[in-house]
Amino acid sequence: MATSRTDPLTLEVVDLIGTVVARYHEEYEQAASEHALTGAQARVLGLLSMEPVPMRKIAQKLKCEPSNVTGIVDRLETRGLVERRPDPADRRVKLAAPTPEGRDTARRLRESLDFAREPLGQLTEVERTLLRDLLKRMLGEDVA
């Protein structure tokens, strides 16, 4: 049976998700500014800390224009946090990759984000796994 978009439970869940997102963004901006970064620069650096990423893919992940990503990466590169390198699989593609200082900054930034970590720490592993799987399902991602 399909759920109405206006039933009270759905409205409450949507409101709670909005509150979580707003708090996360507020804390992310604050943590970024403590590292003299904009929120967008911090998000790019966090994304790159996992692995080097093609510029086009960064834009897709952040849901923004590639030209915006170019400017963000330019500023991070000027600060010595990111470098561009050719993709070994396709030398026409440029990968953005963190420098050692960029990886360290991304780690410190992650460690300073208490909002998401502390409330999640109060949930059991089973609850965190269920929440992760439900969020993935909402986003249409495969749940392993």
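At what angle do helix 2 and helix 4 pack, and how far apart are their axes? I started there when going through this predicted model, and the rest of my notes follow from it.

1. **Helix 2 on helix 4.** The angle between helix 2 (residues 39-48) and helix 4 (residues 66-78) is about 80°, and their axes sit 10 Å apart. Angles of 65 to 115 degrees count as roughly perpendicular, so helix 2 is roughly perpendicular to helix 4. On the helix 2 side the contact uses A40, Q41, V44 and L45, and on the helix 4 side I72, V73, R75 and L76. Sorted by class, the residues of this contact come out as six nonpolar, one polar and one charged.

2. **Helix 3 on helix 4.** Helix 4 also packs against helix 3: the two axes come within 9 Å and cross at roughly 110°. Again the verdict is roughly perpendicular, this time for helix 3 relative to helix 4. M55, I58 and A59 of helix 3 meet P66, V69, T70 and V73 of helix 4. This contact has six nonpolar residues, one polar and no charged ones. Note V73, which is listed for helix 4 in the contact with helix 2 and is listed again in the contact with helix 3.

3. **The two sides of helix 3.** Which residues of helix 3 (residues 55-62) are buried? They are M55, I58 and A59. Since they cover an arc of only 100° around the axis, they lie on the same side of helix 3. The general background is familiar: an α-helix has 3.6 residues a turn, so residues three or four places apart point the same way. Turned away from that buried side is a face with the exposed residues R56, Q60 and K61. The cover over the buried residues includes helix 2, strand 1 (53-54), helix 4, strand 2 (82-87) and strand 3 (90-98). M55, I58 and A59 are also what helix 3 brings to its contact with helix 4.

4. **Two positive phi values.** Most residues other than glycine have a negative phi. Two loop residues deserve a look on that score. A36 is not a glycine, yet it has a positive phi of about 55°; it is found in the loop between helix 1 (8-34) and helix 2. A36 is exposed, with a relative accessible area of 56%. K63, also no glycine, has a positive phi of about 55°. K63 comes just after helix 3, in the loop that leads from helix 3 to helix 4. With 74% relative accessibility, K63 counts as exposed.

5. **Around G80.** G80 is in the loop between helix 4 and strand 2. Its relative accessibility is 28%, so G80 counts as partly exposed. Leaving aside residues up to four places away in sequence, G80 touches T99 and E101. The C-alpha atoms of G80 and G102 are separated by 7.2 Å, with their positions 22 residues apart along the chain.

6. **Two pairs with wider separations listed.** L16 belongs to helix 1 and is partly exposed at 49% relative accessibility. Between the C-alpha atoms of L16 and A40 there are 24 Å, for a sequence separation of 24 residues. A40 is one of the helix 2 residues in the contact with helix 4. Further along, M138 lies in helix 7 (residues 125-138) and counts as exposed at 57% relative accessibility. M138 and L95 are 43 residues apart in sequence and 30 Å apart from C-alpha to C-alpha.

7. **The whole chain.** How many helices and strands does the protein have? Seven helices and three strands, running α-α-β-α-α-β-β-α-α-α from the N terminus. The C-alpha trace spans about 50 × 35 × 25 Å along its principal axes. Of the 144 residues, 28% are buried. Among contacts with a separation of 6 or more, 47% join residues 24 or more positions apart. The exposed area is about 10200 Å², with 56% of it supplied by carbon and sulfur atoms.

Technical notes: Residues numbered from 1 in each chain as written. Predicted model: local features only at pLDDT ≥ 70, side-chain atom pairs only at ≥ 80, totals over all residues. Heavy atoms only, no water. Axes fitted to C-alpha atoms, helices over the stretch in contact; angles between N-to-C directions. Helix = DSSP H or I, 4+ residues; strand = E, 2+ residues; numbered from the N terminus. Parallel < 35°, antiparallel > 145°, perpendicular 65-115°, else oblique. Contact = heavy atoms within 4.5 Å. Nonpolar A, V, L, I, M, F, W, Y, C, P; charged D, E, K, R; others polar. Buried < 20%, exposed > 50% of the residue type's maximum accessible area, 1.4 Å probe, protein only. Areas by Shrake-Rupley, 256 points an atom, 1.4 Å probe, with all protein chains shown as cover. Arc of directions from axis to C-beta.
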